[in-house]
Amino acid sequence: MKKNNTGMTLIEVIAALLISMVIGGITITLVLSSTSYFLQETSDSQNKLVTDQIVSYIRNELLYASEIQISSTKPDSRNWSSISIENGKVYKDERNVFNDNLYSGHELCLSAFGYNGYHFDLSFDLLDESKSVYSTMTTLELLNLKLIVSQDSSFNPFRDLVELVTISNTDKIYYINDYIKYIPSGDVVETEAKGLLGSQLAFINNYNNMGVYTSDSHYYYHPGSMVFYEGYWYMKLTDFKIGNSARELNSLHWKKLTDEYSAGNGYQIGDVIIYEGKYYQCQINSYNIIDGAYTTSWLSNPTDRWSGHWIEVDYATALNTTYTNVLNLTIDTARNTLDKINLDDVPEYNSALDYSLSSSPRFVKITTIVSGKSMVKYYQHVRLDLAGNPGMRVNGVNGWKTLEIGYDPESYYEIGDTVKYNVNNTYSYTYFSALEEMTTKIVPDWNTINVKWKNIVWGSADDYQ
């Protein structure tokens, strides 16, 4: 009788083992390859994240520079800031900007080149033992320098540059932020911003842009007001008035709109800043509103963790933090006329032109550059038959309207024009609407209220938010 042998022969066993080994080898190769690819992708993403963070910081520092140079020495005795690279890390004014952990053992190489008076190329290269692991380049259009070039075509702070300069602890980027910049374009009012605290510059619009700060007693700043002072923008957080610029702006009543922590200034819940190379998020408001009255709350240093005022966050959290502007001002003033025109089409005022002609421009701007500072004001020519110049009466009359939030005693006003003015250094009646055409100087005060001017906002916090 024939046996039924159901087992495997030696040859079959060996063949099966060989096939298994081949398949196993392929599988392991695929797994290792996939793992390597995943790790490489993760590494590339991390390198991009690090570099993008550095690009964003340097871009925000330089974008509104009023002067900029690449030099091995400080250009002069003025208040210059500097960006340098030391040991592969970013330094501002000789201080390390980021925590060393950000770089993950890598080093940064930064090169710069300027041309046309206001274009500035920045080349970033993240290195791992001298080998590039991520690189990118960006070109900044330096807005305030562009403004200067529009007035003086010969202006060019980069005329001595012939090629990219490697930034180091010797050759540094020196810059000054002394110019007031005009941010709004169009009638869009941004109520949200994303990123570090400096991103809240997006909240500046024609409702809250009060221009250069003044301690004039007739200028009372509501919560939400934006002012420019010594190179920085500030947001008013409370209804408190001190009246002295150096003391008032360096207080809990104002928030300095910069990514870097500013001791003594106010903050709101959620604000993210950089301090000693790390990111911190504010956990309390520096002010409170109790029964309509504002009070301030002391804020500790971000590293004083026992207070609970700040928590440390990573870069991804900082980058994705979203802010909502809860201090919106929504009162239309003479300045909101700018929302209806294209500012790029507005020419500089020319005293040699006859603006009484119907063909003359209806809107002009005047740019003043004095001692390294620039101020742009816009004017509308309403009454062609009247004497006067933008911002200046002639024989007591003027046909030019100053397009600013604050009342200008040299301006013409139409019926319905609204301006901001503080009567007798009080907090009351701070917005006024013209009841009649004003070709001569008529100041909003107790004698003209309800006769020439109508008060439209009482001075309590609830009325102007």
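## A tour of rings, charges and one histidine

Begin by selecting K256 and Y232, where K256 lies over the face of Y232 at 4.0 Å from the ring centre. Keep in mind throughout that this is a predicted model. For another pairing of a charge with a ring, select K89 together with Y103: the charged end of K89 sits over the Y103 ring, 5.6 Å from the centre of that ring.

Turn next to rings that pair with each other, of which the structure holds 21 aromatic pairs. Select F228 and W233, which form one such pair, with 5.6 Å from centre to centre and 65° between the planes, an edge-to-face arrangement. Both F228 and W233 are buried, so a surface display may need to be switched off, since buried here means under 20% relative accessible area.

Move on to Y275 and Y280, whose ring centres are 6.4 Å apart and whose planes stand at 65°; because an angle over 60 degrees counts as edge-to-face, the pair is described in that way. Y275 and Y280 are both buried. Now widen the selection to Y261, Y267 and W310, which ring pairs link with Y275 and Y280 into a cluster.

For the last stop, select H253, which is found in the loop between α3 (245–249) and β14 (254–256). Is H253 buried or exposed? With a relative accessible area of 13%, H253 falls under the 20% cut-off and is therefore buried. Add T238 to the selection, and a polar contact of 2.8 Å can be traced between the side chains of H253 and T238.

Methods:
Residues numbered from 1 in each chain as written. Predicted model: local features only at pLDDT ≥ 70, side-chain atom pairs only at ≥ 80, totals over all residues. Heavy atoms only, no water. Phe/Tyr/Trp six-rings, centres within 6.5 Å; stacked < 30°, edge-to-face > 60°. Buried < 20%, exposed > 50% of the residue type's maximum accessible area, 1.4 Å probe, protein only. Lys NZ or Arg CZ within 6 Å of the ring centre and 35° of its normal. Helix = DSSP H or I, 4+ residues; strand = E, 2+ residues; numbered from the N terminus. Polar contact = N/O pair within 3.5 Å; in protein donor to acceptor, adjacent residues only side chain to side chain.
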